[in-house]
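Grab a pencil and work through these exercises with the structure open beside you. Try each task before you read its solution.

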Amino acid sequence: MNISCYLEINIMTEYLLINNKYITINYYIEEGRQFHLKNIEISGNKIFSNENILSEFSITLNNRNYNPAGIRKELQHLKQKYLEHGKVDVAIMDEIIIDNNDVSVRINIFEGNTYYIRHII
């Protein structure tokens, strides 16, 4: 089961006591609807273009399954790229917009000031 594209997953557990030493644990999983990545919109970026940012993402559109963990991982890499360019105060936030089974991701970037190293002692 690929849980990455399920946002409405419901997991219930049941514990059955076998004896004083053992129990049985049952998991009941309802996957819910499967979501697809429709669009990625980026705003607030100045030093990197939308194309530059998206080219670094390993996530593609074209009716791919939406993977929130994959998006978060890509945003961590993006933050690292900003940090390497002196953007110590960078803040990157994502939000999702759900339309039926389609998900659009909006990435809001506040780049902050650029810092330079003057002296290393």
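## Exercise 1: Build the sheet

Strand 3 (residues 36-43) and strand 4 run antiparallel and are joined by two bridges. Helices (H or I, at least four residues) and strands (E, at least two) are DSSP runs, numbered from the N terminus, and two strands pair if DSSP finds at least two bridges between them. Before you go on, note that this is a predicted model: local features need pLDDT of at least 70, side-chain atom pairs count only at pLDDT 80 or more, and totals for chains, interfaces and linings use all residues. Residues are numbered from 1 along each chain as its sequence is written, and side-chain values use heavy atoms, with hydrogens and water left out.

**Task.** Work out the order of the strands in the open sheet.

**Solution.**

1. Begin with the pair you already have: L37 stands opposite R64 in strand 4.
2. Now look at the partnership of strand 3 with strand 6, which is parallel and has seven bridges. You can spot it at I40, opposite V105 in strand 6, and at S43, whose bridge partner in strand 6 is N108.
3. Next, add strand 5, which runs antiparallel to strand 6 (residues 102-110) with nine bridges between them. Here I92 has I109 as its bridge partner in strand 6, and I96 has V105.
4. Put it together: the four strands of this open sheet come in the order 4-3-6-5, and the pairing is mixed. Strand 4 (64-65) and strand 5 (91-99) are the edge strands, as each pairs on one side only.

## Exercise 2: A turn with a twist

**Task.** Find which residue takes a positive phi in the hairpin of strand 5 and strand 6.

**Solution.**

1. Go to the hairpin, which has two residues between its strands.
2. Check N100, in the loop between strand 5 and strand 6. N100 isn't a glycine, yet its phi is positive, at about 60°.
3. What's the usual pattern? Most residues other than glycine have a negative phi.
4. Finish with accessibility. Buried means under 20% relative accessible area, exposed over 50%, and partly exposed in between (1.4 Å probe, protein chains only). N100 has 59%, so it counts as exposed.

## Exercise 3: Follow the charges

**Task.** Trace which residues are joined into one network by salt bridges that share partners.

**Solution.**

1. Get the rule straight: a salt bridge is a side-chain nitrogen of Lys or Arg within 4 Å of a carboxyl oxygen of Asp or Glu. The structure has four of them.
2. Take R106 and E41, whose side chains form a salt bridge at 3.6 Å, N to O. R106 sits in strand 6 and E41 in strand 3, so this pair ties together parts 65 residues apart in sequence.
3. Then take E95 and R106, another salt bridge at 3.6 Å, N to O. E95 belongs to strand 5 and R106 to strand 6, so parts eleven residues apart in sequence are tied together.
4. Join them up: E41, E95 and R106 make one network.
5. Check how open each residue is. R106 is partly exposed at 28% relative accessibility, E41 is partly exposed at 37%, and E95 is partly exposed at 33%.

## Exercise 4: Place the helix

**Task.** Find which strands helix 2 (residues 68-84) lies across.

**Solution.**

1. Helix 2 lies across strand 5 and strand 6, and runs at about 150° to strand 5. Axes are lines fitted to C-alpha atoms, for helices over the stretch in contact (heavy atoms within 4.5 Å). Angles run from 0 to 180 degrees between N-to-C directions.
2. Look for a charged link: R72 makes a salt bridge with D94, with the closest N and O atoms 3.3 Å apart. R72 is in helix 2 and D94 in strand 5, so the pair ties together parts 22 residues apart in sequence.

## Exercise 5: Nonpolar at the surface

**Task.** Decide which strand gives the most to the nonpolar patch.

**Solution.**

1. List the members: I9, I11, Y15, L17, I23, I25, Y27 and I29.
2. Sort them by strand. Strand 1 (10-17) and strand 2 (23-30) each supply at least two residues, and strand 2 gives the most, with four.
3. Try one member: L17 is in strand 1, and its relative accessibility of 65% makes it exposed.

Note on methods:
Patches are made of residues with over 30% relative accessible area and no salt bridge: like charges are joined within 9 Å, nonpolar side chains (Val, Leu, Ile, Met, Phe, Trp, Tyr) within 5 Å. Accessible areas come from the Shrake-Rupley method with a 1.4 Å probe; for residues, only the protein chains shown count as cover.
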